[in-house]
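I sat down with this one today and kept notes as I went. Here is what I looked up, in the order I looked it up.

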Amino acid sequence: MKHDNTIVSYNKIKHLSCTTKMPCYSFSLPALLTCPTGAKLRSLKNSTCHYCYGLKGRAAFPDVKSKKARNYRLIQNLPLFIDTLTDEILNTRCPLFRWQDCGDIISIEHLEAINQICLNTPTVKHWLPTMENHIVRHFILKHQKFASNLTVRLSSKLIDQIPTYEWKYSSMVSRDVKQILNDKAKFNGENFLICNAHKWSDRCWVCSGCWTFKGIIIYPLH
Ligand code: SF4
Ligand code: SF4
């Protein structure tokens, strides 16, 4: 995969983030405030949201918090959100984009706006992980399909819970990958891919499985 190393002016990407792990820019929102499902799961010790990385480490830095707050204000005006993100994503000149490196989708209108941004940026492949299955279902019932350059991936809510969604792009977090793979029958014939970023200095390098893999991605808990 080709990555463009052009240095992009901060002014042109004021709503985007760049994590060390991912080979692209991303958009983040405040955890819990924008997580209808995550806010309910947070206190459950066996939930993935109990380990939410959006509430600890670098996420607690004032500059990171203020960007998320700014982004939250932006999504209150969805037409402006669409125009702004379309411009900023095109300005990155990067072939990949990640939605919600923190936070989630809060409404069908929010998801429709993200889908419109994907339609406006056809040269970019987008990945949107979400816990909000009912919003995704609502979108599909209303529009039948997403933009062809958008992969919406449904995340399993509990640790070691193998997703059984009809939707074929999903993911789960596992405390013990070896054990979960002991009984492959539990995958019911679904394809799965184990994320190896933790073996690669916590970076994706050339892997773009989150965007492209049709099946279940297993992220080891660490
Ligand atoms: S959905 Fe993501 S950001 Fe929200 S609480 Fe869960 S892990 Fe955190
Ligand atoms: S599956 Fe690939 S793209 Fe996704 S997080 Fe792991 S290394 Fe990165």
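**Entry 1: a helix and what it rests on**

I started with helix H5 and asked where its buried residues go: they pack against helix H4 (108-120), strand E3 (125-130) and strand E4 (150-155). Before going further I noted that this is a predicted model.

Next I listed the buried residues of H5, which spans residues 133-143; they are Ile-135, Val-136 and Phe-139. Viewed down the axis of H5, these buried residues fall within an arc of 100 degrees, so they line one face of the helix. I reminded myself of the rule behind this: an α-helix has 3.6 residues a turn, so residues three or four places apart point the same way.

Then I turned to the other face of H5, the one directed away from the buried side, and found the exposed residues His-134 and Leu-141 there. Just after H5, I jotted down Gln-144, which takes a positive phi of about 75 degrees.

**Entry 2: strand E4**

Since E4 is one of the elements that H5 packs against, I checked its cover. How many of the residues of E4 are buried? I got 6 of 6, so I wrote E4 down as mostly covered.

I then split E4 by face. Leu-150, Val-152 and Leu-154 lie on one side, Thr-151, Arg-153 and Ser-155 on the other, and all are buried, so both faces of E4 are covered. The general pattern fits my notes: in a regular strand the side chains alternate between the two faces of the sheet.

For the pairing, I found 5 bridges joining E3 to E4, and the two strands run parallel. Leu-128 stands opposite Val-152 in E4.

**Entry 3: the sheet as a whole**

I stepped back to see the order of the strands. The sheet is open, has 7 strands in the order E1-E2-E3-E4-E5-E7-E6, and its pairing is parallel. Strand E1 (25-28) and E6 stand at the edges with a single partner strand each, so one side of each is left without a neighbour in the sheet. On average, neighbouring strands of this sheet are turned by 25 degrees against each other, direction ignored.

I followed the E5 end of that order in detail. Strand E5 (residues 169-174) is joined to strand E7 (residues 215-220) by 6 bridges, and the two run parallel. In E7, I found Ile-216 as the bridge partner of Ser-170.

Strand E6 (residues 192-194) is joined to E7 by 3 bridges, again parallel. Ile-216 came up once more here, as the residue of E7 that Phe-192 stands opposite. Ile-194 has Ile-218 in E7 as its bridge partner.

**Entry 4: the loop between E6 and H7**

I looked at two residues in this loop. The first note is on Asp-202, which is found in the loop between E6 and H7. Its phi is positive, about 55 degrees, although Asp-202 is not a glycine.

Is Asp-202 buried or exposed? It has 11 C-beta neighbours inside 10 Å, and 12 or fewer is the cut-off for exposed, so Asp-202 counts as exposed. Leaving aside neighbours within four places in sequence, Asp-202 is in contact with Lys-21 and Ala-197. I also took a distance: the C-alpha atoms of Asp-202 and Ile-114 are separated by 27 Å, and the two residues are 88 apart along the chain.

Val-206 has its place in the loop between E6 and helix H7 (209-212). With 9 C-beta neighbours inside 10 Å, Val-206 counts as exposed. Its C-alpha atom is separated by 25 Å from that of Ala-59, which is 147 residues away along the chain.

**Entry 5: the loop after E1**

Leu-32 is found in the loop between E1 and helix H1 (36-41). I noted a positive phi near 70 degrees for Leu-32, in a residue other than glycine. Leu-32 has 18 C-beta neighbours inside 10 Å and so counts as partly exposed.

**Entry 6: the two ligands**

Which residues come nearest to ligand 1? Of the 13 around it, they are Ala-31, Cys-35, Gly-38, Cys-49 and Cys-52. By class, I counted 7 nonpolar, 4 polar and 2 charged residues in this shell.

Around ligand 2 I wrote down Cys-195, Asn-196, Ala-197, Cys-204, Cys-207, Ser-208, Gly-209, Cys-210 and Ile-217. That shell has 6 nonpolar, 3 polar and no charged residues. Ala-197 was already in my notes as a contact of Asp-202.

Key: Residues are numbered from 1 along each chain as its sequence is written. Chains are lettered from A and ligands numbered from 1 in the order in which they are written. This is a predicted model: local features need pLDDT of at least 70, side-chain atom pairs count only at pLDDT 80 or more; totals for chains, interfaces and linings use all residues. A residue is near a molecule or strand if its C-beta atom, placed from the backbone, lies within 6 Å of it. Ala, Val, Leu, Ile, Met, Phe, Trp, Tyr, Cys and Pro count as nonpolar, Asp, Glu, Lys and Arg as charged, and the others, Gly among them, as polar. Two strands pair if DSSP finds at least two bridges between them. Helices (H or I, at least four residues) and strands (E, at least two) are DSSP runs, numbered from the N terminus. A residue is buried if 20 or more other C-beta atoms lie within 10 Å of its own, exposed if 12 or fewer, and partly exposed in between; C-beta atoms are placed from the backbone. The arc is that of the directions from the helix axis to the C-beta atoms. Two residues are in contact if their C-beta atoms, placed from the backbone, lie within 7 Å. Axes are lines fitted to C-alpha atoms, for helices over the stretch in contact, and angles run from 0 to 180 degrees between N-to-C directions.
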